[in-house]
Amino acid sequence: MNNETMMLLDKHFDAAFAAPDGIKKLRELILTLAMQGKLVPQDPNDEPASELLKSIELEKIRLIKEGIIKKPKQVSDIKLDEMPYELPKGWEWVRLGNTISNMDAGWSPACDEVPAEINEWGVLKTTSVQPLCFLPHENKSLPKKLDPRPDAEVKEGDMLITRAGPKNRVGICCVAKLVRPYLMLSDKIIRFRILGDLIFPDYCVLCLYAGYGSVQIEGMKSGMADSQVNISQEKLKQVVIPLPPLTEQHRIVAEIDRLMARCDELEKLRADRSQRLLTVHTAALDRLLTAKDSSEFSTAWSFITQHFGELYSVKENVVELRKTILQLAVMGKLVPQDPNDEPASELLRSIELEKQRLVKEGKIKKSKHLPEIDRDKVPYQIPNNWEWVRFFTVNIVKSELVSAKEYPLEKQIAPDSIGKGNGQLLFHRTVEEFGAIGPNNKFYKGQILYSKIRPSLNKAVIAPYDGLCSADMYPIKTFIDINFMLKVILSEVFLEQVRQAENRVKMPKLNLESLGIFQIPLPPLAEQGQIVEKIDRLMGMCDRLEESIEAAKGKQTDLLNALMSQV
């Protein structure tokens, strides 16, 4: 590698730290450079690969003559279109089949009792073979007798590649290291050995794992589905790999190890930084939520504003900020209270009179008696002009089940069409498009549709039109500001009660009895509108924060890609 390339690669480490998938791309670049002969400088004193190939051929002839190996089938010559790029001087393209002494798959033994003299052995699992990494203890011990086959025993330095299984687990290769005795080869793994010590095994598996080698192996996989594919030994022998001088192979592997260690350090630094930001942010938000007075609240918010740019450089913190905004809102800490507002106690009297009128007119049923609020068991203190109330004190569920197949053109809403935790309707469709035929609830514009089925219990939306909703949803009519009620349903004070109710029942659905007695905070009606307006403004700020994070990631990715193209 020349000095200019080395300097560019060093810049990659800085860019990779900032870009979302930068370290992954950097690892790929390192391996690509290695396979193209651009990672370490060539030494003119090295014996060229052409001489190495002659030695390999002589070694093969000797082993055949001595009966150690069988004469292999001839592999085809390499065609010009199988050489995707020009190699450095001293390198050669070679088929894998021309470099190995033998290639075989393992076995699936039939077992009897274990001989007394063999107290530890097993058959290697495919999970032992990880990308460029061997896990020696990932093996299946069999509690019955088996005479180990010497030809199936895994040896130190064996090259292993998975040959059957799920598509993403086939073609993974490594060198066997720290191998214990009596470890037998699985029939789902191909093992091959190099002729003599003429090719460094660690370099050979790199050729199969990275760059052109991995592309060829991917194209050789066959099978009916991604869940079960395979690759044959004969195909594997046809893989074309770039072969440098033996001493350069060792230099390449050493340099890769060094650079990958730097990548590991980068990943740890980034993980530590992200965790630190999450921890600091969580503590800052907790101080906001637990502030006993305006002074403590201002101090906590001041800390967040001082470190705003750093804290909100990760999306996870914006997600938590959204939750905290809702929680502050339902705690009465988001907008100031106006002593001139009619208190929530008066609003409750008006709601009760309205419910009595609707019962008298036959529009709703008389509600069941709800238990009184125990002031000693409320989740937190609220402002003086607020009230803690039961959910069914200010809401009713309007269930009107019909057969969906009789309303094919009606708009239909189900949990999958509602955003998680954001109160948004993701898309529109008809009953016919959804394919609903069973019971559905009628709903009406201005009702809240709430998913009662696990794990979608934080999905709620205000109906923008009349239609049908899944029977796994409650259509809710509220007697207070509907937008405020939606915010309450999405807030932590509500979701915590949902989680507690889930733990009390075996059914995966939130029942009406549990929902009805949830405790929710009720502000004066005028303040409800102010809270909703403030929440919407702050959520818009969160949207912009997430957009800026994505934009910053995009810029870092563009920078990394520009550097990669230069290398």
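**Cysteines, cores and a helix start**

Visitor: How many disulfides does a search of the whole structure find?
Guide: Zero, where a disulfide is a pair of cysteine sulfur atoms within 2.5 Å; the search covered the whole structure.

Visitor: What kind of model is it?
Guide: This is a predicted model, in which local features need pLDDT of at least 70, side-chain atom pairs count only at pLDDT 80 or more, and totals for chains, interfaces and linings use all residues. Residues are numbered from 1 along each chain as its sequence is written, and side-chain values use heavy atoms, leaving out hydrogens and water.

Visitor: Back to cysteines. Which cysteine sulfur is nearest to that of Cys174?
Guide: That of Cys133, 7.2 Å away, and Cys174 is in no disulfide. Cys174 counts as buried because its relative accessibility is 0%; buried means under 20% relative accessible area, exposed over 50%, and partly exposed in between, with a 1.4 Å probe and protein chains only.

Visitor: And why no bond for Cys204?
Guide: Its closest cysteine sulfur, in Cys207, is 6.1 Å away, so the gap is too far for a bond. Cys204 is also buried, at a relative accessible area of 0%.

Visitor: What is the average pLDDT of the chain?
Guide: It is 86, and 88% of the residues score at least 70; pLDDT is the predictor's confidence in each residue, from 0 to 100.

Visitor: Where does pLDDT stay under 50?
Guide: Over residues 110–119, for which the model has 20 contacts (heavy atoms within 4.5 Å) beyond four places in sequence.

Visitor: Which residues have the most contacts inside the largest nonpolar core?
Guide: Phe391, Tyr450, Ile489 and Phe494, in a core of 67 residues. A nonpolar core is a set of buried Ala, Val, Leu, Ile, Met, Phe, Trp, Tyr and Cys residues joined through side-chain atoms within 4.5 Å. Another core lies apart from it, with 58 residues, including Ile30 and Phe192.

Visitor: New topic: how many helices and strands?
Guide: The chain has 17 helices and 24 strands. These are DSSP runs numbered from the N terminus: helices are H or I, at least four residues, and strands are E, at least two.

Visitor: What happens at the start of α8?
Guide: A side-chain oxygen of Asp293 comes within 3.1 Å of the backbone nitrogen of Ser295.

Visitor: Is His281 buried or exposed?
Guide: Buried, because its relative accessibility is 0%. His281 sits in helix α7, residues 246–290. Beyond its neighbours within four places in sequence, the contacts of His281 include Tyr312 and Glu320.

Terms used
A polar contact is a pair of N or O atoms within 3.5 Å; within protein, one must be able to donate a hydrogen and the other to accept it, and residues adjacent in sequence count only if both atoms are side-chain atoms.
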